[in-house]
Amino acid sequence: MNRFRLKIIDIYIIKAFLGTFFFSLALILTIAVIFDLSEKIDNFMEHNAPLKAIIFDYYFNFVPYFAVLFSSLFTFISVIFFTSRLAYRSEIIAIISNGMSFHRLLIPYFISAFAIAVFAFVLSDYVIPRANRIRFDFEERYIHHAPISVKERNIHRQIQPGVYIYMENYSTMSDIGHKFSMEKYKDGKLVSKLMSDYIKWDSTINKWVVRNYYIREIHGLEEVILRGNSLDTTLAISPADFKRRLNIVEAMSIRELNKEIENLKMRGESNVVAFQIEKQKRYAYPFSAFILTLIGVSVSSRKVKGGIGMQIGIGLLVAFSYILFMQFSSQFSMGGSLNPIVAAWLPNLLYAIIAIFLYKMAPK
């Protein structure tokens, strides 16, 4: 069996593909930074943001996030641009005429796509979560510059196995929850129930303080009633759990997402879907590099009249439609209409079918 070896044309395609990709990505990131700076410079000056923090805490961590965000788009644009030039100069026809099949021609493209997929996955799971935490902290301090104000109503949560809490409403500004109750179950039976007018977080002792409480403890056929004005208690929940922004999912690695999903399921939280979607997108998104590469090569490998403009236009339309479809499917999942796994992988499945169809239509 002959061992596969890269040929000169393979190395040429890989270098041209990856070179175009990273150059165009660097160009758009530079433009994005300039536009973002022009938009936020007033905030930086108003809140006296240090230059070092702006560069290293914000923009240094801004770049990896947007690099992954734009990676699928510029994978496609790079393939379309480079392959269209090859087709326009009749180089693909010459390559195939010299004995290389169209199937074999795809190998250096897929090697490049694999490199981009690994690049996107490593950034999204190992670099971006930490970078986003630093960036979010900077935004809270120098851009938003205001505490997160949220007022939740009718909160039902399981804070640990067999322990359920209820609050009529909770304000993150005052860290006070009104009409608080807590039920404890053992072997499916109620053993204790606490009710109070309100509960407040005391930052000096890092505990919750329950006001005007009533405790009913059940011991078989006997009950013990306890009443009081104030009670310090420790709960498996803190004010930070109510103040987190939804984009906190972007500051978690897959391992942290798994842990948080289990925790949210245990509590019965409705926003667990956002974490499940983010986890599945971490796996699904890198595969878009292969799908969009196959579509790009299939669309742009044919020499057409009018140059490469039409092919680039078609390429942009397909790439944007893919990104738009991914956003739509995520929103449907958030609304409960789609399973998170289906929502994350459906765009890949649909566009993989399109890619196979276009591949069969490509010149051989």
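A cavity is a set of points, on a grid laid over the protein atoms alone, where a 1.4 Å probe fits but cannot get out. Rolling a probe the size of a water molecule over the atoms shows where empty space is left. The model described here is a predicted one, and it holds one cavity of 30 Å³ or more.

**Empty spaces**

The largest cavity has a volume of about 50 Å³, and its lining is made by Ser71, Ser72, Thr75, Ile116, Ala117, Ala120, Tyr285, Pro286, Ser288 and Ala289. The helices α2, α4 and α7 are the elements that give two or more residues to this lining, with the largest share, four residues, coming from α7.

A pocket, unlike a cavity, is an open set of points. The largest pocket of the model has a volume of about 790 Å³ and is lined by 29 residues, of which Tyr65, Glu250, Glu278, Lys281 and Gln327 lie nearest its centre. Four helices, namely α2 (51–88), α4, α7 (272–300) and α8 (309–334), each supply at least two residues of the pocket lining. Which helix gives the largest share of the lining of the largest pocket? That share, eight residues, comes from α8.

**Salt bridges**

Side chains of opposite charge can pair when their charged atoms come close. The structure holds 10 salt bridges, and three of them are set out in the table, each with the distance between nitrogen and oxygen and with the relative accessible area of both partners.

| Salt bridge | N to O distance | Relative accessible area of the Arg | Relative accessible area of the Glu |
|---|---|---|---|
| Arg133 and Glu256 | 3.6 Å | Arg133, 36% | Glu256, 35% |
| Arg216 and Glu223 | 2.9 Å | Arg216, 28% | Glu223, 44% |
| Arg282 and Glu278 | 2.9 Å | Arg282, 5% | Glu278, 15% |

The side chains of Arg133 and Glu256 meet in a salt bridge, and this pair links distant parts of the chain, since Arg133 belongs to helix α4 and Glu256 to helix α6 (residues 254–267), 123 residues apart. Arg133 counts as partly exposed because its relative accessibility is 36%, and Glu256, at 35%, is likewise counted as partly exposed. In the pair of Arg216 and Glu223, Arg216 is partly exposed at 28% relative accessibility, and Glu223 is partly exposed with a relative accessible area of 44%.

Are Arg282 and Glu278, the partners in the third bridge of the table, buried or exposed? A residue counts as buried when its relative accessible area is under 20%, so Arg282, with 5%, is buried, and so is Glu278, with 15%. Salt bridges that share partners join Asp125, Arg255, Glu278 and Arg282 into one network. Arg282 and Glu278 are separated by about one helical turn because they stand four residues apart in helix α7. Glu278 also appears in the account of the largest pocket, as one of the residues that lie nearest its centre.

**Two buried residues and their contacts**

Leu292 has its place in helix α7 and is buried, with a relative accessible area of 1%. Leaving aside residues up to four places away in sequence, Leu292 touches Ser72, Phe76 and Tyr322, and among these Ser72 is also part of the lining of the largest cavity. Leu292 and Ile77 are 215 residues apart in sequence, while their C-alpha atoms are 9.3 Å apart in space.

Pro340 lies in helix α9 (residues 340–361), and it counts as buried because its relative accessible area is 12%, which falls under the limit of 20%. Which residues does Pro340 touch, not counting residues up to four places away in sequence? They are Val273, Gln276, Ile277, Gln280 and Ser333. Pro340 and Ser330 are 10 residues apart in sequence, and the distance between them, C-alpha to C-alpha, is 7.5 Å.

**A nonpolar patch on the surface**

The last feature belongs to the surface. Phe114, Val118, Val122, Tyr126 and Val127 make a nonpolar surface patch of about 440 Å². Phe114 lies in helix α4, which runs over residues 102–144. Helix α4 also holds Arg133 of the salt bridge with Glu256, and it gives two or more residues to the lining of the largest cavity and at least two to that of the largest pocket.

Conventions:
Residues are numbered from 1 along each chain as its sequence is written. This is a predicted model: local features need pLDDT of at least 70, side-chain atom pairs count only at pLDDT 80 or more; totals for chains, interfaces and linings use all residues. Side-chain values use heavy atoms; hydrogens and water are left out. Patches are made of residues with over 30% relative accessible area and no salt bridge: like charges are joined within 9 Å, nonpolar side chains (Val, Leu, Ile, Met, Phe, Trp, Tyr) within 5 Å. Accessible areas come from the Shrake-Rupley method with a 1.4 Å probe; for residues, only the protein chains shown count as cover. A salt bridge is a side-chain nitrogen of Lys or Arg within 4 Å of a carboxyl oxygen of Asp or Glu. Buried means under 20% relative accessible area, exposed over 50%, partly exposed in between (1.4 Å probe, protein chains only). Contact means heavy atoms within 4.5 Å. On a 1 Å grid over the protein atoms alone, a cavity is a set of points where a 1.4 Å probe fits but cannot get out, and a pocket is an open set with protein on both sides within 12 Å along at least five of seven lines; lining residues have an atom within 4 Å of a point. Grid points are joined across faces, edges and corners, and a volume is the space filled by probe spheres set on the points.
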